[in-house]
Amino acid sequence: MTRIDLHCHSTASDGTLTPAELVRAGAAAGLDVMAITDHDTTGGWQAAAEACPEGLRLVRGAELSCRWLGAEDWPIALHMLAYLFDPAEPRLAADLARLRNDREQRAEKIVRKLSADGVPITWDEVYGYAAGGSVGRPHIAQALIRAGLVRTTSEAFASRWLGARYFVPKSDLDVFEAVRAVRAAGGVTVFAHPRATVRGRVVPDELIIQLADAGLFGLEADHEDHSPAERAHVRALAGDLGLVVTGSSDFHGTHKTVQLGDYLTDPEAYEKIVSAATGVPVLG
Ligand code: AMP
Ligand code: ZN
Ligand code: FE
Ligand code: FE
């Protein structure tokens, strides 16, 4: 059996394994193919490539922070996985740089709100946890854990903390612009956890139909944040629209409990993604 896990995070964003540790852990978990998909960055690509063990194929990718403005009251945030794109393509590179900058400004605002309420954490501390990678709420969670206010990352996402009371939105990238920019850079897009109602509001199927017209390539169905009914719905929709279906762990090291290879992608879907991409090759 070919074991393919197409959604994994490293310390280049909010994972806890370095890119080199991530690929070694992938091989140790018996994966044949793994993707590195850090939030809004390709910063882990080189170190992952250099450390990629014999026998593991590495798909270089990213997870783009997107928004859809079609909702009446408030934009809906969504995540777009992008695979095998040319990281030097200027427009996409500029989009990614802006998203990372946006993450820093937003995290700084959250830290200011917490400080104003007497929570003893600082921006320097949080920025230090991100260690040069894309800053995310898990790094703020780490500071809350250090301060003894919560015990786990999940607890830090409760509504009295980062989930609602101290939630600040990011501005993010228009989702149609993301699909266009990744295609223009020779990459392929897969909508990450599109039905994850546990994370908040999800987009209507109508948007997914429009995205398929705009060049979206696939939908991630098998993900820990989808219920069995949600997985079935995503599979059926992908079937209707001729999109590939993926499954992935969305591994984040110790920031989450899910393990590498807990959810997998079928080889046929993987081969279609590889065939459609022209930006950079699969390594290994
Ligand atoms: P951000 O990208 O800064 O908005 O933070 C979102 C990230 O936080 C996700 O990619 C997950 O890694 C993590 N996350 C979101 N919800 C939870 C949760 N309930 N427990 C643990 N980690 C979470
Ligand atoms: Zn994350
Ligand atoms: Fe995501
Ligand atoms: Fe992710």
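A polar contact is a pair of N or O atoms within 3.5 Å; within protein, one must be able to donate a hydrogen and the other to accept it, and residues adjacent in sequence count only if both atoms are side-chain atoms. One such pair joins His 252 to ligand 1: a side-chain N or O atom lies 2.7 Å from a ligand oxygen. The model is predicted; local features need pLDDT of at least 70, side-chain atom pairs count only at pLDDT 80 or more, and totals for chains, interfaces and linings use all residues. Side-chain values use heavy atoms, without hydrogens and water.

**Ligand 1**
- Around ligand 1 stand 14 residues (a heavy atom within 4 Å).
- Among the closest are His 39, Arg 137 and His 252.
- Polar side-chain atoms of Arg 103 come to 3.1 Å from a ligand 1 oxygen, and those of Arg 106 to 2.9 Å.
- The protein buries 84% of the 500 Å² that ligand 1 exposes alone (Shrake-Rupley method, 1.4 Å probe).

**Zinc site**
- Asp 14 (OD, listed twice), His 39 (NE2) and His 252 (NE2) are the protein donors of the zinc ion (ligand 2), at 2.1 to 2.7 Å.
- Donors are N, O and S atoms within 2.8 Å of the metal (3.2 Å for Na, K and Ca); water is not among the atoms, so sites may look incomplete.
- Their spacing along the chain is D-x24-H-x212-H.
- The zinc ion (ligand 2) sits 5.8 Å from the iron ion (ligand 3).

**Histidine burial**
- His 39 is buried at 6% relative accessible area (buried means under 20%, 1.4 Å probe, protein chains only).
- His 252 is buried too, at 4%.

Notes. Residues are numbered from 1 along each chain as its sequence is written. Chains are lettered from A and ligands numbered from 1 in the order in which they are written. Buried means under 20% relative accessible area, exposed over 50%, partly exposed in between (1.4 Å probe, protein chains only).
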